Amino acid sequence: MTTTAKPKTGRYGADDIDVLEGLEPVRVRPGMYIGSTTSRGLHHLVWEIVDNAVDEALAGSCTLIRVDLDEDGAVTVTDNGRGIPVAKHSKTGESALDLVFTRLHAGGKFGGAGYKVSGGLHGVGASVTNALSDWLEATVRRDGYEWSVRYARGVPVRPVTRGRKLKAKEPTGTTVRWNFDRSIFDADAAYSRSTIEQRLREKSYLVRGLRFELQVPGKPLQVFESAHGIADFVRELNAERDAVHPTVIFFSSDDTPATAAADIPVEVALQWTQSADEHIFSYANVVPTTDGGTHVTGLRRAVTRAISAFAIEQGKLKKDKNESFEGRDIFEGLTSAVTVKIRDPQFEGQTKGRLHNPDAQTAVATYVYAALSVWLADKRNAKEAKAILERCLLAREIRLAKGKISKKLRNEATSIFTDTNLPGKLADCLETLPVEGRELFIVEGDSAAGSGKAARDAAFQAILPIRGKILNVVGAGSRNGRAFEHAEIEGILTALGGRKDVIGRTVVATLEPQMRRYGKVVILTDADVDGAHICTLLLTMFHELMPALIDEGRILIAKPPLYRINLDSRGERYVYAYTDAERAEAMRAHKRSGDDVMRFKGLGEMNPDDLRRTTMDPATRVLQRVEVDDAAEAAETILMLMGSHPDARRSWLEDVGLTIESA
């Protein structure tokens, strides 16, 4: 038998290997450096420059960072740090200022004497902002003079030039001004004032005493500065929660250097609440470590050891009877923040989502255990220490009782699909498919439920209508149990396979993975302002009361269209539009008139075929998965939108309100 080689389809030789020089790799593959070319990626241009200024503050050389947003999209970041060096580099012969803005992986954070600790370790920040800008100007005040340089799409168009002489006592520092390259970013990419405001506020908590200023055209100057750092952060997060003790417990090894372990500065803030969930926010060198790491492990060990020892000392746990806490007993309801400053941080990848340094675990565990043990034993804290201990003991009691209840339920239940206690208004799936293949649609009102039932595939899709707007579990300041006393929330919990039980005087809710009845939960509301509000209330409920469903990617939002544009007289050909802009574009593109446009006033008035195609049929529907990239940002956003303080919410509405279309 003979074989014949397949003919080559194209030439591939040495000259086919492209060599990208300078900043070309950033412009060719921007997503590798900033994540995306959407508005989210656009903000990274700001973060990179701001973070460089924050590193100056960590070095003890900067007390003020100012961000100015212009109407034309230009951004200016100014700091009063040491100023980027401008002298010629001994190895390259180029100005250090040019190297910072034109060379990837060029900076003072690779082990030199410039920075002991830093969040920006890869040296790509300033150069990436430069590469993705239509133009960028940098002005440096140092060495007695003002120096400047200008670039166009990353290429120098004016060399580093010495300007005027600085006045006596004039502060040093760096000013970077740029306008992003619109040929790189999506057409609708734009800066969000509220997003930048939120980031600057978070940074102010992480660097005590560092002043941030934000200036937006037509608005008063905003100032963010925190005297108590992450203690203020935890206090703000718990403002709408029922705190067990009024004091936010705060420890800083900078304040008590003799107790610092392994020469790694540690700060920790703790406050317990009546919430059923834990919230731990962690940072290394002012960088959010959204996936935790060794410093979080150290925190867990320290707090668990200290509380357990205190419980035994107080006679609340009997060591001879092997009574003990589990970690979840201690951390239930705890809002905490931990931050470390470490000379050589080992992060997981460019995203820096997880810290790996073993010495960070030792430092946090040693310092926090010692500090918390002293705090608990201090007679001045006796009342609050007792309240914390009682909170942890209650969590332990509930865990043990729920274990017995769950075991009884598992022994008695023949199938999670034949539960007679399910809400009467639930239109369940007709087939007992595996849980991962089952979907629950939460819809607003009986009318929408009727349309949903007609449009669904009853084999694997269930419909649960809710009446009106559910309880705002943040704004109401509700404890977990009290929230589940609300009929609509209890109905959602029960439909999902959860249970509400009364243990002593406490109402608790259980939603164990093995008892869940659906693999996906889809929020389906009208495409108007009221629908958006109901959707936000539901998302708040899941975030506060059932966060595991969000963490596992099980919560989705359906996107019903606002319009259907018929492309022929019989309506056999059509397209959907989700905004007024899309409707206008479709009418222009297909040359249709207003008579060809159908406005959907609500889900209840949608034709079942339209509802099926756009929101329910897996082959054609549009769903948005709810994901949390930054836990701290998500928590602050929920508090801003649903809390009782209107100022931040008003600022956000002024920022994005014009993009929200009403019915």
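The exercises below work through confidence, sheets, cores and cysteines in a predicted model.

Residues are numbered from 1 along each chain as its sequence is written, and side-chain values use heavy atoms, without hydrogens or water. As the model is predicted, local features need pLDDT of at least 70 and side-chain atom pairs count only at pLDDT 80 or more, while totals for chains, interfaces and linings use all residues.

**Exercise 1.** State the average pLDDT of the protein chain and describe residues 1–9.

*Solution.* pLDDT is the predictor's confidence in each residue, from 0 to 100. The chain averages 84, and 84% of the residues score at least 70. Over residues 1–9, pLDDT stays under 50, and the model has 0 contacts (heavy atoms within 4.5 Å) beyond four places in sequence. Residues 12–20 also stay under 50, with 4 such contacts.

**Exercise 2.** Give the strand order of the open sheet of 8 strands and place helices H3 and H6 on the sheet.

*Solution.* Helices (H or I, at least four residues) and strands (E, at least two) are DSSP runs, numbered from the N terminus; two strands pair if DSSP finds at least two bridges between them.

1. The order is S5-S4-S3-S6-S2-S1-S7-S8, with mixed pairing.
2. S5 (155–165) and S8 (222–224) are the edge strands, each pairing on one side only.
3. S3 (residues 133–142) and S4 (residues 145–152) run antiparallel, joined by 7 bridges; Arg-141 stands opposite Glu-146 in S4.
4. H3 packs on the sheet, touching S1, S2, S6 and S7, and its direction makes about 175 degrees with that of S6.
5. H6 (residues 193–206) touches S1, S7 and S8, at about 170 degrees to S7. Axes are lines fitted to C-alpha atoms, for helices over the stretch in contact, and angles run from 0 to 180 degrees between N-to-C directions.

**Exercise 3.** Identify the residues that touch the most other members of the largest nonpolar core.

*Solution.* A nonpolar core is a set of buried Ala, Val, Leu, Ile, Met, Phe, Trp, Tyr and Cys residues joined through side-chain atoms within 4.5 Å. Buried means under 20% relative accessible area, exposed over 50%, partly exposed in between (1.4 Å probe, protein chains only). Of 62 residues, those sought are Leu-45, Val-54, Phe-101, Trp-178, Phe-185 and Tyr-191. Helix H3 (residues 39–58) supplies the largest share, 10 residues. Apart from this core lies another, of 43 residues, including Val-266 and Trp-375.

**Exercise 4.** Find the number of disulfides in the whole structure and classify Cys-429.

*Solution.* With a disulfide taken as a pair of cysteine sulfur atoms within 2.5 Å, the search finds 0. Cys-429 is buried because its relative accessibility is 10%. Cys-535 is buried too, at 9%.
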